[in-house]
Amino acid sequence: MAKKSKQAAGTPAIVALTAAGVAFTTHAYEHDPAHPSYGEEAAQALGVSPAQVFKTLVADVDGVLTVAVVPVSGSLDLKALATAVGGKRAAMADPALAERTTGYVLGGISPLGQRKRLRTVIDASAAAHPTVCCSAGRRGLEIELSPADLTALTSATVAPIARP
């Protein structure tokens, strides 16, 4: 059963999860703008392993914006991302373009409920966890759900795209 707080009720990610009828939990915490890593901050605040908290990154693969969802304990392997979607070259997308396209701000980009649905690749390590956490659409707000639900709702490809 979904848990919602009044603060979380309006994010497009939460709306998408609620509409889909999947089980999820929201986790709110006080975001510290001075923290050097949004993902590491979320893992610390939630008291879970950084391997279970996933960051949402937007990359440009051969001119097509692509979402990569990788654990905060690692980094995105751009070559592996390109390979996963049948591309040749990948680079991180311009931050302003990522924000405009997804409708979210950096540090709060969710793989769910994006303004424009982008092809998505989730790192294969997600399957090792009963649940994973990712941004709910704003800094200081995470959603926890099963990797299978995240994959289904984003129509994602699952592939090894993270490096330790």
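**A walk through a predicted fold**

In strand β8, residue I143 is the bridge partner of C134. This pair is a good place to start. Keep in mind that the model is a predicted one.

Look at the two strands around that pair. Strand β8 covers residues 141–145, and five bridges join β7 to it. The two strands run antiparallel. In general, strands of a sheet pair through backbone hydrogen bonds, and the pairing can be parallel or antiparallel.

Now widen the view. β7 and β8 belong to an open sheet of three strands, in the order β1-β8-β7. The pairing in this sheet is antiparallel. Which strands form the edges? They are β1, residues 25–28, and β7, residues 132–138. Each edge strand pairs on one side only. Neighbouring strands of the sheet are turned against each other by 35° on average, direction ignored.

Stop at the edge strand β1. T25 has its place there. Is T25 buried or partly exposed? Its relative accessibility is 22%, and buried means under 20%. T25 therefore counts as partly exposed. Next, trace a line from T25 to L78. The two residues are 53 residues apart in sequence. In space, their C-alpha atoms are 30 Å apart.

Return to C134, and take C133 along with it. Both are cysteines, and a disulfide requires two cysteine sulfur atoms within 2.5 Å. How many disulfides does the count give? It comes to zero. C133 is in no disulfide, and the nearest cysteine sulfur, that of C134, is 7.7 Å away. Seen from the other side, C134 is in no disulfide either, and its nearest cysteine sulfur is that of C133. Both residues fall under the 20% limit for burial. C133 is buried because its relative accessible area is 2%. C134 counts as buried because its relative accessibility is 0%.

Another strand to find is β6, residues 119–123. Four of its five residues are buried, so β6 is largely enclosed by the rest of the structure. What pairs with β6? One partner is strand β3, residues 64–71. β3 and β6 pair in the parallel sense over four bridges. To see one matched position, find V69, which stands opposite I122 in β6. Strand β9, residues 157–159, also pairs with β6. This pairing is parallel too, over three bridges. Here D123 stands opposite A159 in β9.

Finally, step back to the whole protein. Its secondary structure comes to five helices and ten strands. How compact is the protein? Its radius of gyration is 14 Å. The globule rule gives 15 Å for 164 residues. The two values are close, so the protein is as compact as a globular protein of that length. Its C-alpha atoms fill a box of roughly 45 × 30 × 30 Å, taken along the principal axes.

Burial and contacts complete the picture. Buried residues make up 43% of the 164 residues. C133 and C134 are among the buried residues. Now take the contacts with a separation of 6 or more: residues 24 or more positions apart account for 60% of them. The accessible surface comes to about 7,900 Å². Of that surface, 56% belongs to carbon and sulfur atoms.

Note on methods:
Residues are numbered from 1 along each chain as its sequence is written. This is a predicted model: local features need pLDDT of at least 70, side-chain atom pairs count only at pLDDT 80 or more; totals for chains, interfaces and linings use all residues. Side-chain values use heavy atoms; hydrogens and water are left out. Two strands pair if DSSP finds at least two bridges between them. Axes are lines fitted to C-alpha atoms, for helices over the stretch in contact, and angles run from 0 to 180 degrees between N-to-C directions. Buried means under 20% relative accessible area, exposed over 50%, partly exposed in between (1.4 Å probe, protein chains only). The radius of gyration is taken over C-alpha atoms; the globule rule is 2.2 Å times the number of residues to the power 0.38. Contact means heavy atoms within 4.5 Å. Accessible areas come from the Shrake-Rupley method with a 1.4 Å probe; for residues, only the protein chains shown count as cover.
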